[in-house]
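Work through the following exercises with the structure open beside you, and try each task before reading its solution.

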Amino acid sequence: MPKRIAVIDIGSNSARLVIYQRTSRYGFHLIVQQKSRVRIGEGAYERGGELQEIGLRRAFGALQSFRHTLQEYKVRKVHCVATSALRDAPNRSDFITKVRQKLDLNIKVIDGEKEAFFGAVAVVNLLPTENGITIDIGGGSADLALLQSGRIIATHSLKLGTVRLKELFSDQNRNLEAAKSFICRELEKLPEIFRNRTAIGIGGTARALSRGIILKNRYPFEKIHAFEYSVKKERAYLEAVATAKREDLPALFIKKNRHDTIREGALIFLEILETIGAQTVLSSGVGVREGVFLHDLLRNDRLHFPPGINPSLRSIKDRFDLLKLPEGNKQKIGRLLFETLREEFNGSKHHSLMLHHALSLSNIGKMLTIYKEHQHAFYIASQELNYGFTHREMLTIALLLRSKGDALYYRPLYRQYKKLLPSKKKIKWLAFIYTLTLILHENSSAAEIEFSWDKKTLRILSDRPLYLAHEELAGLEKPAQFTLRLDDGCQAYYLQE
């Protein structure tokens, strides 16, 4: 597979180009993202789906610009898909032929079921969930997929889109109740199997609503991917957006570029949530484009990353851990120390896993410079740990990476993200285990180390001298009052009260 792969997604409302850079077999990251509000479906839904010249000109111009970007980045593999507006259009073939002949781009028109499927492929691989119903509201359709135990059970496409609703109702000055009746009639076609407590919001409408809720609530972590909210708590906000006057949308934290269709999108979203019985919404920063890319990347893996492979971790280590040092003994030390101390802070298997990931990423800050490497590592992790992690997990790992010997956790960051983090006690113990593990490992990566905990004394026994560790341990902050004793075969052992 080429190192750079592009996906072009032509929707009713927007055309988008993304380019992914592969860093290894399963590692990748986004290097280019371009968008144009082409509105290719403008005027089509009130004219039997016939694409109008104004929308076709905008779409061709956007694709022409995308073609230039592909050449500039030397992309050798391109997937170009089109969704609702083109698949509904009786005159689509002329446009597809023109694009193929003049731009050398082959547009593949996918149906709503396939659109839902691609979105679901992205979700099961890149979100921390295995169950729920994905909801992708586009300009012309709303596409749903039912997920159970990480498998795609069923897909369904509804003729409910923001542009479609706008042209059929808002632009015709037809009232809200008429639009609701239209939505409800279409939702009657949704199979009964589509019922779940968790809705997974995909696409621009869902992201815009999640962003508004994040800003309204002053949520401390401004990352939409994996953001979760209660339908009951936020129903009033969703209804306010659906019924707002256009001039009132800024006060509801809706960006200007979403003002034209967000009310229709919120109305559709609310009715779907009600129909499927959703109690929670999990926001997705990935969708059809990522699904198309992963469908290619994982075609020989049954469309799932192999067990133990997380693409975010893989990509971060590929790009930022340039030392490539063996870490087997580092992880062994961390596991032994965690098991020795876990009862002191009621540590769980999940805490052990977060520690494991932090130790795996412990060298990433050095890629920039060893000065302030802990700060670099926190920033990289908090920004790049996207796929397969909850916000709580992202921030826990990042805060452990920010630890250093004389300050187990950075207090301003803990205060900022407190509502999303484990208790202060757990953070301090995890940071102590993380920091002590690194001190011991960096002093001798081949040392066989054992631990014991008795009568408030942590004894460290090493089969090799750890001379430099003595000084570092002298300044190590502890999470509680206890004695730290290092016996490394030297003539004298170090004792810290």
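**Exercise 1. Charges over rings**

Find the ring over which the charged end of Arg-411 sits, and then the ring over which the charged end of Lys-98 sits.

Solution. Keep in mind from the start that this is a predicted model. Begin with Arg-411, whose charged end sits over the ring of Tyr-409, at 4.6 Å from the centre of that ring. Then turn to Lys-98, whose charged end sits over the ring of Phe-60, at a distance of 4.4 Å from the ring centre.

**Exercise 2. Classifying an aromatic pair**

Decide whether the rings of Tyr-26 and Phe-305 are stacked or edge-to-face, and say where in the chain the two residues lie.

Solution. A search of the whole structure finds 18 aromatic pairs, and the pair of this exercise has ring centres 6.0 Å apart, with planes at 70°. Ring planes over 60 degrees apart count as edge-to-face, and therefore the pair of Tyr-26 and Phe-305 is edge-to-face. The next step is to locate the residues: Tyr-26 is in the loop between β2 (15–22) and β3 (28–36), while Phe-305 is in the loop between α10 (288–297) and α11 (311–320). With these positions 279 residues apart, the pair links distant parts of the chain. Finally, consider accessibility, where both Tyr-26 and Phe-305 turn out to be buried.

**Exercise 3. From a pair to a cluster**

Describe the geometry of the pair formed by Phe-432 and Phe-482, and name the cluster to which these rings belong.

Solution. The rings of Phe-432 and Phe-482 are 5.6 Å apart from centre to centre, with 80° between their planes, and this aromatic pair is edge-to-face. Phe-432 lies in helix α17 (residues 424–443) and Phe-482 in the loop between α18 (467–474) and β14 (483–487), so the pair ties together parts that are 50 residues apart in sequence. Phe-432 and Phe-482 are both buried. To complete the solution, follow the ring pairs, which link Phe-338, Phe-345, Trp-429, Phe-432, Trp-453 and Phe-482 into a cluster.

**Exercise 4. Salt bridges and accessibility**

For the salt bridges Glu-192 with Arg-195, Lys-366 with Glu-442 and Asp-487 with Arg-459, state the distance between the closest N and O atoms, and decide whether each residue is buried, partly exposed or exposed.

Solution. Side chains of opposite charge can pair when their charged atoms come close. A search of the whole structure finds 25 salt bridges, and the three of this exercise can be taken in turn.

1. In the salt bridge between Glu-192 and Arg-195, the closest N and O atoms are 3.2 Å apart. Glu-192 has a relative accessible area of 61% and is therefore exposed, whereas Arg-195, at 32%, counts as partly exposed.
2. In the salt bridge between Lys-366 and Glu-442, the closest N and O atoms are 3.9 Å apart. This pair links distant parts of the chain, since Lys-366 is in the loop between α13 (349–360) and α14 (373–384) and Glu-442 is in helix α17, 76 residues apart. Lys-366 is partly exposed, with a relative accessible area of 27%, and Glu-442 is exposed, with 52%.
3. In the salt bridge between Asp-487 and Arg-459, the closest N and O atoms are 3.4 Å apart. Asp-487 is in strand β14 and Arg-459 in strand β13 (residues 457–462), 28 residues apart, and this pair too links distant parts of the chain. Buried means under 20% relative accessible area, so Asp-487, at 18%, counts as buried, while Arg-459, at 29%, is partly exposed.

Salt bridges can also join into a network, as they do for Arg-37, Arg-39 and Asp-260.

**Exercise 5. Reading a sheet**

Give the order of the six strands in the open sheet, name its edge strands, and find the bridge partner of Tyr-229.

Solution. The six strands of this open sheet follow the order β8-β7-β6-β9-β11-β10, with mixed pairing. The edge strands are β8 (151–158) and β10 (228–230), each of which pairs on one side only. From one strand to the next, the twist averages 25°. At the β10 edge, three bridges join this strand to β11 (residues 280–283), and the two run antiparallel. The bridge partner of Tyr-229 in β11 is Val-281. As a last step, look at helix α4 (residues 112–126), which lies across β6 (132–137), β7 (142–148), β8 and β9 (198–202), and which runs at about 140° to β8.

Note on methods. Residues are numbered from 1 along each chain as its sequence is written. Side-chain values use heavy atoms; hydrogens and water are left out. Rings of Phe, Tyr and Trp (its six-membered ring) pair if their centres lie within 6.5 Å; planes under 30 degrees apart count as stacked, over 60 as edge-to-face and the rest as tilted. Helices (H or I, at least four residues) and strands (E, at least two) are DSSP runs, numbered from the N terminus. Buried means under 20% relative accessible area, exposed over 50%, partly exposed in between (1.4 Å probe, protein chains only). A charge sits over a ring if NZ of Lys or CZ of Arg is within 6 Å of the ring centre and within 35 degrees of the ring normal. A salt bridge is a side-chain nitrogen of Lys or Arg within 4 Å of a carboxyl oxygen of Asp or Glu. Two strands pair if DSSP finds at least two bridges between them. Axes are lines fitted to C-alpha atoms, for helices over the stretch in contact, and angles run from 0 to 180 degrees between N-to-C directions. Contact means heavy atoms within 4.5 Å.
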